[in-house]
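This report describes a structural model, with attention to its domains, its chain contacts and its cores. The sequence and the structure are shown below.

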Amino acid sequence: MTPLQRVQEKFSQDVIETHAFRGDETLLIRPASLQTVAKFLKETAELDFNFLMDLTAVDYLFYAGGRVQKEFRFEIVYHFFSLKHNHRLRIKVPVDEKNPEVDSLTGLWASADWYEREVWDMFGIRFKGHPNLKRILMYEEFEGHALRKDYQFNKRQPLIGPKT
Amino acid sequence: MATQTRSMLLNVGPSHPAMHGVIRLIMELDGEKIKGVDVEIGYLHRAFEKMCETVMYTQCFPYTDRLNYVSPLINNVGFALTVEKLLGIDIPERAKYIRVIMSEISRVTDHLTCIGATAMELGAMTVFLYMIKAREYLYELVEEITGARLTISYVRIGGVKADLTEGFADRAFQKIAEVRKVLIEADELLTRNRIFFDRMKNVGVISKEDAISHGITGPFLRSTGVAYDVRKANPYLIYERLDFEVPTGTTGDNLDRYFVRMAEMEQSLRMIEQCFQQIPDGAISGELTGDIMPAAEMVDRAKMGKTQGFMASEVDLDPTLQGGTEKFHDAINATNKDVVLPAKENTYGNIEGLMNHFKLVMYGHGIHPPMGEAYFPTEGANGELGFYIVSDGRDHPWRVRVHPPCFPIMAALPKCLIGDVMADLVPTFGSINMIAGELDR
């Protein structure tokens, strides 16, 4: 049984869709169940995902030139890896534009700390329960979130300096 | 009156002589002991991920050169493999071997730089100079094939830019022998050096559990005793055919990381030697026979429409560009015409080739991977270098995400530093091998 099937069987209610494009097993799950699914991935012996290898987000605003409409604007993408079983799994969580917030996974993997800060910095998605959610690559005075699709790549920022 | 004590805040960086790379550490010191560290990164942020969304797939390669600028070839290979995974195409055997040879050369240059710089910061200037000398030998090899030392942009989607030159294997063996000599010298100068040993041993320690929880990979993880290497766990290209070991440490301190890197360089050199034994023959650049035509003449004649005889003659081009000519094209490039540029004789000589060329380079055309997403892990010099690309079926990537191996290591830096003294920052930071280019992107 592959990790994808295992999670799908256990959380059939919470899985929105699955695919294995080019062999990458992927699950799209409901945001409310993220914590329980993550805990299950980490603590089930036959899955044993001890690495949260990567965490990022994708903005689907005007995806494919507007031809494809996604229900939710953002997706958070988690890449898990198990050292023991040498398998990988991608979990995606849709996030609404109006209230971009998901649960933080900092309690389960230490690597989530900086990755979640980066997602907050670049996409403006908040992580509930994160101990220190502040910008990481940009400075605090930076206006907007750079990797959102409605942020023009050549947009200028106001100069910052000592407060007078 | 009771004595009051309080800790001192010390700011190190963003520009400090002992910091190779711009990063700021705000340290809380109790005397000389480090009680807390706040790491601030982002000083070299150049919007790699954002810029990749604005250009076509092939145009991302110059950006990837600038991620880890000590081993840019590995970044090129990682990006190309991810796009090829999205497209679902395979590349010729010879190109796979060339990619592995170039990746392993890059890995050695990266490790040489890391150990050399660490040694220099501990006062061993000689080792630094020796290692930079060895790196220079390897850069000469890279330069011979790619035409550049750093910003090489050598790998192409579906293949590589140029084939190996004539006699390259012999020169590579010579340089490998030279590098081995330097490694022995450096080993003699450092490994039993009391000063170096004491500064590295039991300094910057991280436990296996912490390293895994932080998602650390590469030599840093292996120094804690976990034998995880992407080349063994998820072999890509031709790594499963090569015989190599994954060196590991035991304690996860700076000394172990030094040993792991030293052992890994030897393994990489072994891999290069094996590749030269296994690599399938191709036309070797340099030996042109028959009717030779300079490239400039071909272009001039093509402009006037005098294209007869193009396919019969051989085009003389610089060796670093020769992958583009008919003779070398198919040995190192995939056959998919919707991905790989046609040979130059076709581009200039007939309308099909010209159209094919235009369809790949013109704005709005280019390579169109199917709608979907793919993640491809490769073993970078610092750990797992993964590219995650989302395609919307158009010629621009919808999203390019790099999993930079330095990033989780820097997040764990406070764990390595707290409890050590201030002076230990220098060797610990050196053994982390932070590359600001891939950390900040």
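## Domains, interface and cores

In this predicted model, the C-alpha centres of domain 1 and domain 2 of chain B lie 34 Å apart. Domain 1 of chain B covers 48-282 + 368-440, and domain 2 covers 292-361. Their contact takes 20 residues from domain 1 of chain B and 13 residues from domain 2 of chain B. On the domain 1 side, H4, helix H5 (125-146) and strand S5 (159-160) of chain B each give two or more residues. H4(B) gives the most to that side, with three residues. By residue class, the side of domain 1 that touches domain 2 holds 10 nonpolar, six polar and four charged residues.

Chains A and B also meet: 29 residues of chain A are in contact with 38 residues of chain B. Strand S3 (51-59), strand S4 (74-82) and helix H3 (112-123) of chain A each supply at least two residues to the chain A side. S3(A) gives the most, with six residues.

The table sets out the residue classes of the two contact sides.

| Contact side | Nonpolar | Polar | Charged |
|---|---|---|---|
| Side of chain A that touches chain B | 18 residues | six residues | five residues |
| Side of domain 1 of chain B that touches domain 2 of chain B | 10 residues | six residues | four residues |

In soluble globular proteins, nonpolar side chains tend to be buried together. The largest nonpolar core here has 167 residues, of which Ile76(A) and Phe80(A) touch the most other members. Helix H4 (residues 93-121) of chain B gives the most to this core, with 13 residues. Because domain 1 and domain 2 of chain B both give residues to this core, it lies between them. Leaving aside residues up to four places away in sequence, Ile76(A) touches Ala57(A), Lys92(A), Val93(A), Val95(A), Val102(A), Val119(A) and Ile125(A). Apart from the largest core lies another, of five residues, among them Met298(B), Phe310(B), Leu317(B) and Tyr348(B).

Strand S2 (residues 26-29) of chain A pairs with two other strands. Four bridges join S2(A) to strand S1 (residues 15-19) of chain A, and these two run antiparallel. Glu17(A) stands opposite Leu28(A) in S2(A). The hairpin of S1(A) and S2(A) has six residues between the strands, and Arg22(A) there takes a positive phi near 55°. Three bridges join S2(A) to strand S5 (residues 87-95) of chain A, which run parallel; in S5(A), Arg90(A) is the bridge partner of Thr26(A). The side chains of S2(A) alternate: Leu27(A) and Ile29(A) point to one face and are buried, whereas Thr26(A) and Leu28(A) point to the other and are not.

Note on methods
Residues numbered from 1 in each chain as written. Chains lettered and ligands numbered in written order. Predicted model: local features only at pLDDT ≥ 70, side-chain atom pairs only at ≥ 80, totals over all residues. Buried ≥ 20, exposed ≤ 12 C-beta atoms within 10 Å, placed from the backbone. Pairing = 2+ DSSP bridges. Core = buried A, V, L, I, M, F, W, Y, C linked by C-beta atoms within 7 Å. Domains from an automatic or database assignment. Contact = placed C-beta atoms within 7 Å. Nonpolar A, V, L, I, M, F, W, Y, C, P; charged D, E, K, R; others polar.
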